[in-house]
Amino acid sequence: GFITTGLTRYFVAPYDCTITGWSIVAEGTNPTCTIDVWKIVSGTSLPTIVDTITGTVLPYLSTGNVIRSSTLTGWTVAVTAGDILGFNIDSVANALTIKINLEL
């Protein structure tokens, strides 16, 4: 089936790094999506929308199946080992799978 809005996946950062860009690969016919990225310090809680790090330019795919960008206007780009990252689907259409990668 298709990916749905509100789906969130989590990842624990294995090392200190700086985000320098992002890419999205989506399968489907004319898929579109917008993904918010959340981050919280290491601990026992998952990040939520109040922990967004994406500033004014959220990762998005509007045409084709692949996009890459190094535009990080307003982003919090520092990541510390153990930080918990959340990737939330804010909007989506026609996507069977979505992969987002942060460039570090």
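A single aromatic pair is present in the structure, which is a predicted model. The pair is formed by W22 and Y60, whose ring centres lie 6.3 Å apart and whose planes meet at 55°, so that the arrangement is tilted, given that planes count as edge-to-face over 60 degrees and as stacked under 30 degrees. Distant parts of the chain are linked by this pair, since W22 belongs to strand β3 (residues 21–27) and Y60 to strand β5 (residues 60–61), with the two positions 38 residues apart in sequence numbering. The two partners were also examined for accessibility: W22 is buried, at 1% relative accessibility, whereas Y60 is partly exposed, with a relative accessible area of 39%.

Strand β3, which carries W22, takes part in an open sheet of three strands, arranged in the order β6-β3-β9 with antiparallel pairing. The edges of this sheet are occupied by β6 (66–69) and β9 (97–103), each of which has a single partner strand, so that one side of each is left without a neighbour in the sheet. From one strand to the next, the twist averages 10°. The antiparallel pairing of β3 with β9 extends over seven bridges, and within β9 it is L102 that stands opposite W22.

A further buried position is D83, at 4% relative accessibility, which is placed in the loop between β7 (78–79) and β8 (84–93). The side chain of D83 is joined to that of K39 by a polar contact of 3.4 Å. Apart from neighbours within four places in sequence, the contacts of D83 comprise F11, V12, A13, K39, I40, V41 and S42.

Terms used:
Residues numbered from 1 in each chain as written. Predicted model: local features only at pLDDT ≥ 70, side-chain atom pairs only at ≥ 80, totals over all residues. Heavy atoms only, no water. Phe/Tyr/Trp six-rings, centres within 6.5 Å; stacked < 30°, edge-to-face > 60°. Helix = DSSP H or I, 4+ residues; strand = E, 2+ residues; numbered from the N terminus. Buried < 20%, exposed > 50% of the residue type's maximum accessible area, 1.4 Å probe, protein only. Polar contact = N/O pair within 3.5 Å; in protein donor to acceptor, adjacent residues only side chain to side chain. Contact = heavy atoms within 4.5 Å. Pairing = 2+ DSSP bridges. Axes fitted to C-alpha atoms, helices over the stretch in contact; angles between N-to-C directions.
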